Structures are given as structure tokens and as C-alpha cells.
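Student: I've just opened this one and would like to go through it piece by piece. Could you help me find my way around?
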Amino acid sequence: MKRTLYFICCLGFILLWSSCRKDFVFEPSTGTLGFSKDTVYLDTIFTNIGSSTYNLKVYNNSNEDISIPNVQLQNGETSGYRLNVDGQDGKSFNNVQLLAKDSLFIFIETTFNTDAEPLFGNEFLYTDKILFDTGENQQDVDLVTLVKDANFIYPDKDNTTGIIETLTLTINGQPVETEIQGRELLPEELTFTNEKPYVVYGYAAVPTGQTLTVNAGARVHFHANSGLLVSEGATLNINGALSNDQDLLENEVIFEGDRLEPLFSDVPGQWGTIWLFEGSQNNTINHATIKNATVGILSDGNANAVMDKLTITNSQIYNVSTFGILGRNTSIKADNIVLNNAGQASFGATLGGKYNVTHSTIANYWNSSFRQFPALLINNFVLDEDNTAFLSELTEANFNNCIIYGNDNPELLIDEIQDEVSPIPFNFKFTNCLLRFEDNNNFFSSENYDFDDTTHYEGMVFNQDPDFRDANENDLIIGDDSAANGQGNAVFSTQVPNDILGISRTTSPDLGAYQHITFE
């Protein structure tokens, strides 16, 4: 009985309280909204490509529940901006309710469609406003986006089946269909200029017998799983030049992803690789920056080419998810190159081949995950799925006046497998290099690590500080306190008389790609 009486009393109290409660009443807003920012900058986008999503927070700082009569884009339905207000997509919204002392998010995206609105010039600021209310109570927030025009290279897509065009490559003189999405460059696309950026979807292939020339100051952006492929019998010539402004790099050729937001400026693995296919020839790269790829450069085959398959000079490769340079039984000549921040090895000289590297900085300060390999990997084999080793000759691997360093120890792995019946050449030599290599546990007992053997090591400096200015920011200029200062062999410095910044090294040459400076 008492329990029943208790529940009756409670129910009566609830009913009485409910009858006294006032329903929510939303008063019209009076122009006193607060905003998390007065201008929303949507960073840089390419024409006809959508931006990332940005947000604006709107505050009701009053003690009253309010209704905003209208929230709209100033340019209305013709605007290239898109809004999401309180979960609804559109460009105009009526009677948006906001409780006292509460807030709501507005999400903003944009696409600049050149079909609807022609772009005059290669870039411009595209603006609009979000208007809140009308008349004397109207408030606004500016929207600003830098729009860049670009040359777009992409494969065809069948609108019925959704199948995307794939490459047919020449292998040993025969056409072979592949599953690599992409297309061959057209004759009029075989010169990349600095007039507008290039945006590549899929793999852009240089056709057999053709040359792709990339002029100084060109900017090339790759979408995810995209890259550049130089076919059998084709050639790549990247003709960058020394820049006066080392922040703008106005004459450098830059390869990177197509996400232009600052959040993506240093994210590895955003695109595929520059793939020098077996049979491509006489490839040259000068003053290039290659960043944020999966593999910076993949060079396959042609170890015995009369002219080196790849000659790369005055270039830097960093923020790659696997290898900066991966050579597979190939031939590479490299002077004044800077490598850093690779998920596996900065330089992989694998499956034998021929490598001559002079005055280069091969560093690895990767800190995003565990890495399997040191900064420099040298081997003469590849393992198949059954763990069977296939061997190939390492005719030469010479590293002269280089710095080989990083945040792991050691930063060199020389992995040799020999045919016991018919040994094959495995030739390498390090001359006047600063190398990080400490083996306190004697894990590396192979004769390849006999640092007293002058046929393999000469004039070496071990485990001394290179004094990089900021290795974690890919700034590998060395300072006054570097152990590399003045340690270069003049024979090699005369072959590469200027450093990567054009500074003479003919007297007192330092190791690596840079002559030292005094840090401010």
C-alpha cells in the first residue's frame, strides 16, 4: 500500500512539473552570433578537383534560444562552395535553431568548375561569404580559396562499365598488357613546362622511342597510386636548375602528391614512383625534388649499359614510405644527391648492378614506424616466394666523399650471397665517407665489414656527428662542428667541383652534398 502511494505521489509531481514547464521558444537572432573565425581559408585547390572539408563553429552566446532566419552563400546556387549545416547539405538554409549558450558546426567544401566559370590566369583567389540573417542583423564570414589551373593527365574510363584504361608496355620488343592504370603521353605532352602545374592520375608512360623533357621550374603532382613510367627504349630528361631562393626553389623541378593542404606537405606514400622501366635509357635528373612518394625512383635493369641508365645530380628525395632510390640490377651515377626519411632504406642498391655515388648525403631519420633496413642497403640477390635466391653480379658500388648516417645503428648493410660453385663479382668500395656503424655485439662478422681492408674502405670517418642543421625537417646542410668538414678526397671533389647549392668545394672539400656553413 505504501509503495503504491509513493508511486502515485511521484507521478503527480512529474505531471505537475510538466504542466508548469514552458515549451522551447526560439527568438529571432539579433546579429550577435559568435564565430570560431572571421575568414575560412580552404588552402589551395586545382581546378575541377574538390577540396578537403573545413569547418566553422557558430556560437549563440545569449541566454535565449534563437532561430537564425537564413544562412546562405552570398553567391547563391551559382557558388562553387558547398555547405553542410546541422547535418543538411545545401547552399541556403532557413530557420536554423540554436539553443542558448550552444553552438553548431558548419562544414564547407569547394570545387572551382572551369566549365561553368572560365579561369583567367593560372591562379587566383576564389571568394564568397556565408551570410547569417538579413538586413541590419546580417553577419558574414569570408570564404577564401587559392585556385590553380593545371594540365591534367588521366586515363580514359568507360562510363558504362567503369573500367579504367590500363597500360600496354613493350617488354623485350613485344607488347604486353598490364593491369597498371594509366596511359601513354601524347606527342604534345612530351615537354613539361613551368607555365602550369601537371596533375597526373594513374601512370603517365613515356612511349617507346620517345623522350619526356621536364623544364626548369616545372611542378608535377601525382594522385594516389599514380606516377611516371619510362618505357623500354624511352628516355626521361629532367632539366632543373639552381634556384636563387632556396625556399621557393623557383628553378627546381618538384614531384609530389596532389594534396595541397599543409597537413599533407610531409606525408609519405601519397603517390607511387618514377619508374625507369627495364630498357629505358640515358635518363638524367638534375635539380629535382621528389617527395612524399612510395618509392622516389625505381630503376630496373640495364646494369651493363654503355651510358648509365640513370644520371642524377643536385637532387633531393625525402619522405618516402619505402625507398628513396631503389635500384634493381641497374646502373646509376649520382652526384650531389640528398636522401632522407625513408620507411625502409634511403638508397637500395639491390640485385647487383653498377653504382657510382659521389659527394652525396644518404641519411635516414625515419621516425614514423620501425624500419627494416639501414640508410644504405647493398645486395646481389632477390628472393622468390619459395625463398630461392637469384643472384646477379655487383660489378661496382663506389661511394666517394659521402655521408651515410641516420637515427639507427648501423646505417649500412652489405648482404652478399655467393654461388659456391661459380662465384660472381661482388665489388664495392667506400672512400672518404662519414659512416654510422657500431657493432658492439659483433653481429656483422663478414669480411665485407673489415674496415681495415683498404680494397673496400679507405679514409673513413666513423660515428662522428655530421652536425646536420635539422635532419628531422630534411635540412641536411652541415655546420661548423661537422665531422665531415675538410675530410673530402680532392680526386673526387675535382670531379664534382660545386656542392648542391653551387658553392665551390675545390679547396678543403667537405663530405656529403653540402659545404658547411655557420648556423645562425
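Student: Let me start with a detail: which backbone oxygen does the side chain of Asn-380 reach?
Tutor: Keeping in mind that this is a predicted model, the side chain of Asn-380 reaches the backbone oxygen of Ile-417, at 2.8 Å.

Student: And where is the place of Asn-380, in terms of strands?
Tutor: Asn-380 sits in the loop that runs between strand S31 (376-379) and strand S32 (381-383).

Student: Is Asn-380 buried or exposed there?
Tutor: Asn-380 counts as buried, because its relative accessibility is 0%, and the cut-off for buried is under 20%.

Student: What does Asn-380 touch, then, if I skip residues up to four places away in sequence?
Tutor: With those set aside, Asn-380 touches several residues, including Leu-351, Gly-352, Phe-390, Asp-415 and Phe-426, and Ile-417, whose backbone oxygen we just met, is also one of the residues it touches.

Student: Changing topic, how many aromatic pairs does the structure hold?
Tutor: There are 23 aromatic pairs in the structure. One of them joins Phe-347 and Phe-399, whose ring centres are 6.1 Å apart and whose planes stand at 80°, so this pair is edge-to-face.

Student: Where in the chain do those two come from?
Tutor: They link distant parts of the chain, since Phe-347 belongs to strand S29 (residues 345-358) and Phe-399 to strand S34 (residues 394-400), with their positions 52 residues apart. Both Phe-347 and Phe-399 are buried.

Student: Which other aromatic pair could I look at after that one?
Tutor: You could look at Phe-428 and Phe-430, which also form an edge-to-face pair, with 6.2 Å from centre to centre and 65° between the planes. Phe-428 and Phe-430 are both buried, and one aromatic cluster includes these two together with Phe-347 and Phe-399.

Student: Which residues touch the most other members of the largest nonpolar core?
Tutor: Those are Phe-347, Phe-399 and Phe-430, in a core of 77 residues. The strand that gives the most to this core is S28 (residues 323-342), with 8 residues.

Student: What is Phe-399 in contact with, beyond its neighbours within four places in sequence?
Tutor: Its contacts include Val-357, Ile-362, Leu-376 and Ile-378, and also Phe-430 and Cys-433. Apart from this largest core lies another one, of 27 residues, with Val-58 and Tyr-81 among them.

Student: Val-58, okay: which residue stands opposite Val-58?
Tutor: Phe-35 stands opposite Val-58, which is in S4. The strands S2 and S4 pair in the antiparallel sense over 2 bridges.

Student: What order do the strands have in the open sheet of 5 strands?
Tutor: The order is S2-S4-S9-S6-S7, with antiparallel pairing, and the edge strands, each pairing on one side only, are S2 (34-35) and S7 (88-90).

Student: Last spot: where is the place of Ser-62?
Tutor: Ser-62 is in the loop between strand S4 (54-59) and strand S5 (66-73). Its side chain reaches the backbone oxygen of Glu-64 at 3.1 Å, and, not counting residues up to four places away in sequence, Ser-62 touches Ala-100 and Lys-101.

Student: Why does Ser-62 count as partly exposed?
Tutor: Ser-62 counts as partly exposed because its relative accessibility is 22%, while buried would need a value under 20% and exposed one over 50%.

Note on methods:
Residues are numbered from 1 along each chain as its sequence is written. This is a predicted model: local features need pLDDT of at least 70, side-chain atom pairs count only at pLDDT 80 or more; totals for chains, interfaces and linings use all residues. Side-chain values use heavy atoms; hydrogens and water are left out. Helices (H or I, at least four residues) and strands (E, at least two) are DSSP runs, numbered from the N terminus. Buried means under 20% relative accessible area, exposed over 50%, partly exposed in between (1.4 Å probe, protein chains only). Contact means heavy atoms within 4.5 Å. A polar contact is a pair of N or O atoms within 3.5 Å; within protein, one must be able to donate a hydrogen and the other to accept it, and residues adjacent in sequence count only if both atoms are side-chain atoms. Two strands pair if DSSP finds at least two bridges between them. Rings of Phe, Tyr and Trp (its six-membered ring) pair if their centres lie within 6.5 Å; planes under 30 degrees apart count as stacked, over 60 as edge-to-face and the rest as tilted. A nonpolar core is a set of buried Ala, Val, Leu, Ile, Met, Phe, Trp, Tyr and Cys residues joined through side-chain atoms within 4.5 Å.
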